[in-house]
Amino acid sequence: RGQLGALRLAVRLVEDRVLPPPYYQPLIQLLAEPILRPGQPPAGTALAVLEEVTPGESRQDVATKLVKIFLGQGLAVPLLDYLTARELARTTDPNTLFRSNSLASKSVEQFMKVVGLPYLHQVLKPVVNRIFQEKKYVELDPGKMDLSRGRRVRGDGWGGTQRISFKGSLSEARVRESSLELLKGYLGDIVDAIVGSAEKCPLLMRVAFKQLRRRVEERFPSAQHEEARYFSISGFLFLRFFAPAVLTPKLFSLREQHAEPRTGRTLLLLAK
């Protein structure tokens with residue numbers, strides 16, 4: 001009998017003790033203080049200190065917990081308004097607005113995932129499912145094109161095989177043309193679904209983005225920065241919500257499994 005070998009495991013046990021809600025109320029009140037009492041100096045609040053001391057690798061985790069806490073208190077929109085207003089006050093160039101992975105950006109991102117996931121499914125799932133089912137070959141990079149798909153193999157009469165070309169063999173131009181047509185079709189369906197979904201967008205998301213637009217207008221009121229109010233919202237909706245969901249549908253529960261390589265390449269090109 002052969003040896004099966006050995007398996008070594010590194011196991012870590014993490015025990016979290018969850019106390020009754022009243023135990024957390026003082027902490028929640030402390031975090032919500034700058035929102036419930038906006039008159040105090042912002043620099044000394046617990047939220048401001050938390051924003052300053054949270055390292056980059058922990059911001060997503062902290063943002064997720066903050067969003068869930070404030071959603072439970074009915075204060076999620078004021079939380080986002082507080083954090084985005086602080087970031088706006090530090091921003092001098094509207095072209096860099098909310099581009100970094102700040103606590104404000106991460107909080108808006110996590111807010112959309114928590115509040116807008118059913119909406120995301122309504123908008124994207126039909127198109128994403130079709131892409132997975134069709135498994136079309138899509139490629140725009142000449143260095144990655146598989147042109148051999150148009151080749152046939154037959155016997156050479158000497159016991160071997162030879163590759164032959166036949167009329168209709170794929171060329172770079174044909175692959176690029178067919179790929180562009182497929183991408184335009186998929187992307188058109190995605191954009192149409194998003195544009196036509198305004199009424200389905202959760203009310204909390206609409207209220208949050210309305211307030212964000214107002215804050216951006218106040219911070220950059222000049223005519224030359226007029227588009228900043230739109231870029232700030234579209235940056236969140238497209239770059240941090242719809243595009244990541246198209247790229248990795250499993251992470252947004254749009255699919256149960258990750259895409260196989262061909263479909264994954266199509267999703268990547270669409271997300272770009």
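In this predicted model, helix α7 makes the greatest contribution to the lining of the largest cavity, supplying five residues. Helix α7 spans residues 203-219, and both α7 and α4 provide at least two residues each to this lining. The residues that line the largest cavity are Val77, Leu80, Asp81, Thr84, Val108, Ala208, Phe209, Gln211, Leu212 and Arg215. When these are sorted by class, six are nonpolar, two are polar and two are charged. The space held in the largest cavity amounts to about 90 Å³, and a search of the whole structure returns one cavity of 30 Å³ or more.

Helix α4, which covers residues 76-90, also packs against helix α2, which covers residues 46-53; the angle between the two is about 60 degrees, and their axes lie 12 Å apart. Because of this angle, α2 is classed as oblique to α4. The crossing in which α2 passes α4 is right-handed. On the side of α2, the contact is formed by Leu47, Ala48, Glu51 and Glu52, whereas α4 contributes Leu79, Tyr82, Leu83, Arg86 and Arg90. The residues of this contact between α2 and α4 comprise five nonpolar and four charged residues, with no polar ones.

A second helix pair is formed by α6, with residues 172-195, and α9, with residues 261-271, whose axes come within 10 Å and cross at roughly 60 degrees. The two helices α6 and α9 are therefore oblique to each other, and their crossing is right-handed. In this pair, Leu183, Tyr186, Leu187 and Ile190 of α6 meet Thr266, Leu269 and Leu270 of α9. By class, the contact of α6 with α9 is made up of six nonpolar residues and one polar residue, and no charged residue takes part.

Apart from the cavity, the pockets of the model were also examined. The largest pocket has a volume of about 320 Å³, and 16 residues line this pocket. Of these lining residues, Pro94, Asn95, Leu97, Arg99 and Phe231 are the ones that lie nearest the centre of the largest pocket. The lining of the largest pocket divides by class into seven nonpolar, five polar and four charged residues.

Key:
Residues numbered from 1 in each chain as written. Predicted model: local features only at pLDDT ≥ 70, side-chain atom pairs only at ≥ 80, totals over all residues. Heavy atoms only, no water. Axes fitted to C-alpha atoms, helices over the stretch in contact; angles between N-to-C directions. Helix = DSSP H or I, 4+ residues; strand = E, 2+ residues; numbered from the N terminus. Parallel < 35°, antiparallel > 145°, perpendicular 65-115°, else oblique. Left-handed = near helix turned anticlockwise from the far one by under 90°. Contact = heavy atoms within 4.5 Å. Nonpolar A, V, L, I, M, F, W, Y, C, P; charged D, E, K, R; others polar. 1 Å grid on protein atoms, 1.4 Å probe; cavity = no way out; pocket = protein on both sides within 12 Å on 5 of 7 lines; lining within 4 Å. Points joined across faces, edges and corners; volume = space filled by probe spheres on them.
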